[in-house]
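Hi everyone, thanks for coming. Let me put the structure up, and then I'll walk you through a few places in it.

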Amino acid sequence: MTVEQRPNVPSTTPTAGRRTFLQGVGAVALAAVTAPSVARGEGPIRWKMVTTWPRNFPGVGTGADFLAGLIGVMSGERLKVKVYGAGELVGAFEVFDAVAQGTAQMGHGASYYWKGKHPATQFFSAVPFGLTAQEMNGWLFHGGGWELWQKLYAPFGLMPIATGNTGVQMGGWFNKEIRSAEDLNGLKMRIPGLGGEVLARAGGTPVNLPGGEIFSALQSGAIDATEWVGPYNDLAFGLHKAAKFYYYPGWHEPGTTLEALINRQALDSLPKDLQSIVLNACRVANQDMLAEYTARNNTALETLVNTHKVQVRAFPKDVLAKLKTLSEAVVGEIAAADPAAREIHDSLRRFRDQAMAWHRLSEQAYMDARLA
Ligand code: CA
């Protein structure tokens, strides 16, 4: 679907985060008096968007292109955003600094890449045994999460916003069956972020490899296992040709949230309507990516199972129980080490408890009923 075909683009920021948004607008109204003129008729404002993805990478990368296109269309081409794939303007892991320093006005990536800036950034992308996509959106936009995220990024001069979600990922590709927690011992697996830390505590060896190197590492036996995303992206990488067993669920990435990073000064210098367009385009792109992953994972799973005869396996209950216990420890230690991390962790945990209580009666009960 092209940008022009997407219906019902909201013209104002919905209730979610409205308080923060209005506060931002107040500051902008003042700033606008002295900011350089961006009146109509002077030609478009041009922004650069740097991303952590290879150019046109399915799902996450095309999501960044969709966002840029949407901003152009919604603004009547008054604001034009040019997308740069990883390495085109800056390297994948330089996106945060590039936007903070104003080399680019926007970035698209995932906050767990920035744990070197602050360990709590990881709480806004994927927490093992944390929130699903639906719950992440609830927490961020109506549960106080976005405000905490903005507070964490404010010292860097950055405005973050959820701009995509993969949904629950898969547990990964393995060349041997995982029958008990013992089988994780000595397992060399490509698994980044908090999930990797958890695997290390389970006796495994986490490896962090960029997407482009995964297939050959798995095929050559340099690694025993890998996680990547889900059927849609995994099929495209051909991972089924390098490993026998496809495990679920992705306990380590239950609703991985992608982010847009916006240079605060650049955002504040825009007229109010363009600011609203940028933020709301991010929110449309956020929902759209989840919709795309949902649709494409369905068909890709069918292809993997029916055409490629992939053997799909569930992690045994005791394996998941052990990983969950270790995850709580890893996440708890990050929270204990820093006041900002503690505040975010406590908010996230409170929201998860509430969401679990409600979803036990709604999503979970319904899905169980549908299977019955
Ligand atoms: Ca992953």
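**Helix 12 and its surroundings**

Let me start with E328, which counts as partly exposed because its relative accessibility is 27%. One thing to say right away: this is a predicted model. E328 forms a salt bridge with R349, and the closest N and O atoms are 2.5 Å apart. R349 lies in helix 12 and E328 in helix 11, so this pair ties together parts that are 21 residues apart in sequence. R349 itself is partly exposed, at 30% relative accessible area.

E328 has another neighbour in helix 12. R352, which sits in that helix (residues 339-361), touches E328 along with F129, G130 and L131, leaving aside residues up to four places away in sequence. And is R352 buried or exposed? With 12% relative accessibility, R352 counts as buried.

Staying on helix 12, please look at E343. Its salt bridge partner is K151, with the closest N and O atoms 2.9 Å apart. Here E343 in helix 12 is paired with K151 in helix 5 (residues 145-153), so the parts tied together are 192 residues apart in sequence. E343 counts as partly exposed at 35% relative accessibility, while K151, at 51%, counts as exposed.

There is also a salt bridge within the helix: D346 and R342 meet at 3.2 Å, N to O. Those two are four residues apart in helix 12, about one turn. D346 is partly exposed at 30% relative accessibility, and R342 is partly exposed too, with 36%. Elsewhere, R55, D65 and E88 are joined into one network by salt bridges that share partners. In total, the count is 16 salt bridges.

Now to the largest pocket, which has a volume of about 1600 Å³. It is lined by 37 residues, and the closest to its centre are T132, V168, P249, P254 and M367. Which helix gives the most to this lining? That would be helix 10, with six residues. Helix 12 is back here as well, among the helices that each supply at least two lining residues.

Next, helix 6 (residues 193-201), where the buried residues are L194, G195, G196, V198 and L199. Their cover includes strand 6, strand 7 and helix 11. Just after this helix, G203 takes a positive phi of about 100°.

Last stop, the surface: Y248, L301, V305 and V312 make a nonpolar patch of about 280 Å². V312 is in strand 11 (residues 311-314) and counts as partly exposed, at 32% relative accessibility.

Thanks for listening!

Note on methods. Residues numbered from 1 in each chain as written. Predicted model: local features only at pLDDT ≥ 70, side-chain atom pairs only at ≥ 80, totals over all residues. Heavy atoms only, no water. Patch = residues over 30% accessible without salt bridge, like charges linked within 9 Å, V, L, I, M, F, W, Y side chains within 5 Å. Areas by Shrake-Rupley, 256 points an atom, 1.4 Å probe, with all protein chains shown as cover. Salt bridge = Lys/Arg side-chain N within 4 Å of Asp/Glu carboxyl O. Buried < 20%, exposed > 50% of the residue type's maximum accessible area, 1.4 Å probe, protein only. Contact = heavy atoms within 4.5 Å. 1 Å grid on protein atoms, 1.4 Å probe; cavity = no way out; pocket = protein on both sides within 12 Å on 5 of 7 lines; lining within 4 Å. Points joined across faces, edges and corners; volume = space filled by probe spheres on them.
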